[in-house]
Amino acid sequence: MTGTTMIVLIVFISVGFGVMYDMYKKHLEFKEKTFNLSQENDNKNETLEQKVTILENRIQVLEKIVTDEGYSVQKDINNL
């Protein structure tokens with residue numbers, strides 16, 4: 001191998017490893033972003049599940065009130 005060939009090989013190897021390192025850094029940044037997004041989504045899902053549970057409980061209470069006999073009697077009285 002001549003000196004010129006060795007220099008060209010060293011440059012290609014250096015540039016190749018530099019590009020691979022940059023790609024690896026971008027990959028790690030992407031994984032970190034997706035991990036943070038999944039944690040935010042988990043928090044949002046938990047909040048939404050709590051709200052749904054609260055709303056279901058409220059609906060059950062409203063159904064009990066409406067189907068109660070006293071409510072229908074009061075409604076009949078008010079209609080008179």
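This report walks through the overall form of one protein chain and then visits a few of its residues.

**The whole chain**

Keep in mind as you look that this is a predicted model. Its chain contains two helices and zero strands. The radius of gyration is 34 Å, well over the 12 Å that the globule rule gives for 80 residues, so the chain is more spread out than a compact globule. You can see this in the C-alpha trace too, which spans about 110 × 15 × 10 Å along its principal axes.

**Surface and charges**

What percentage of the 80 residues in the chain is buried? The figure is 0%. To be called buried, a residue needs a relative accessible area under 20%. About 7,800 Å² of the chain is exposed, and carbon and sulfur atoms supply 63% of that area.

The chain also carries 9 positive and 12 negative charges, and the mean positions of these two groups are 9 Å apart.

One part of the surface is a nonpolar patch, formed by Met1, Met6, Leu9, Ile13, Phe17 and Met20. Together these residues have about 680 Å² of accessible area.

**Three residues in helix 1**

Helix 1 covers residues 3-67, and Leu9, a member of the patch, lies in it. Ser14 has its place in helix 1, and Asn41 does as well. Are these residues buried, partly exposed or exposed? The table gives the answer for each.

| Residue | State | Relative accessible area |
|---|---|---|
| Leu9 | partly exposed | 38% |
| Ser14 | partly exposed | 47% |
| Asn41 | partly exposed | 43% |

The label follows from two cut-offs: buried means under 20% and exposed means over 50%, with partly exposed in between. Leu9, at 38%, is therefore partly exposed.

**Distances along the chain**

Now try tracing two pairs of residues in the structure. How far apart in space are Ser14 and Phe35, C-alpha to C-alpha? Their separation is 32 Å, and in sequence they are 21 residues apart. For the second pair, Asn41 and Asn57, the sequence separation is 16 residues, and the C-alpha atoms are 24 Å apart in space.

To put the picture together: the chain has two helices and zero strands, its C-alpha trace spans about 110 × 15 × 10 Å, and buried residues make up 0% of it.

Conventions:
Residues are numbered from 1 along each chain as its sequence is written. This is a predicted model: local features need pLDDT of at least 70, side-chain atom pairs count only at pLDDT 80 or more; totals for chains, interfaces and linings use all residues. Side-chain values use heavy atoms; hydrogens and water are left out. Helices (H or I, at least four residues) and strands (E, at least two) are DSSP runs, numbered from the N terminus. The radius of gyration is taken over C-alpha atoms; the globule rule is 2.2 Å times the number of residues to the power 0.38. Buried means under 20% relative accessible area, exposed over 50%, partly exposed in between (1.4 Å probe, protein chains only). Accessible areas come from the Shrake-Rupley method with a 1.4 Å probe; for residues, only the protein chains shown count as cover. Lys and Arg count as positive and Asp and Glu as negative; His and the chain ends are not counted. The place of a charge is taken as NZ of Lys, CZ of Arg, CG of Asp or CD of Glu. Patches are made of residues with over 30% relative accessible area and no salt bridge: like charges are joined within 9 Å, nonpolar side chains (Val, Leu, Ile, Met, Phe, Trp, Tyr) within 5 Å. A salt bridge is a side-chain nitrogen of Lys or Arg within 4 Å of a carboxyl oxygen of Asp or Glu.
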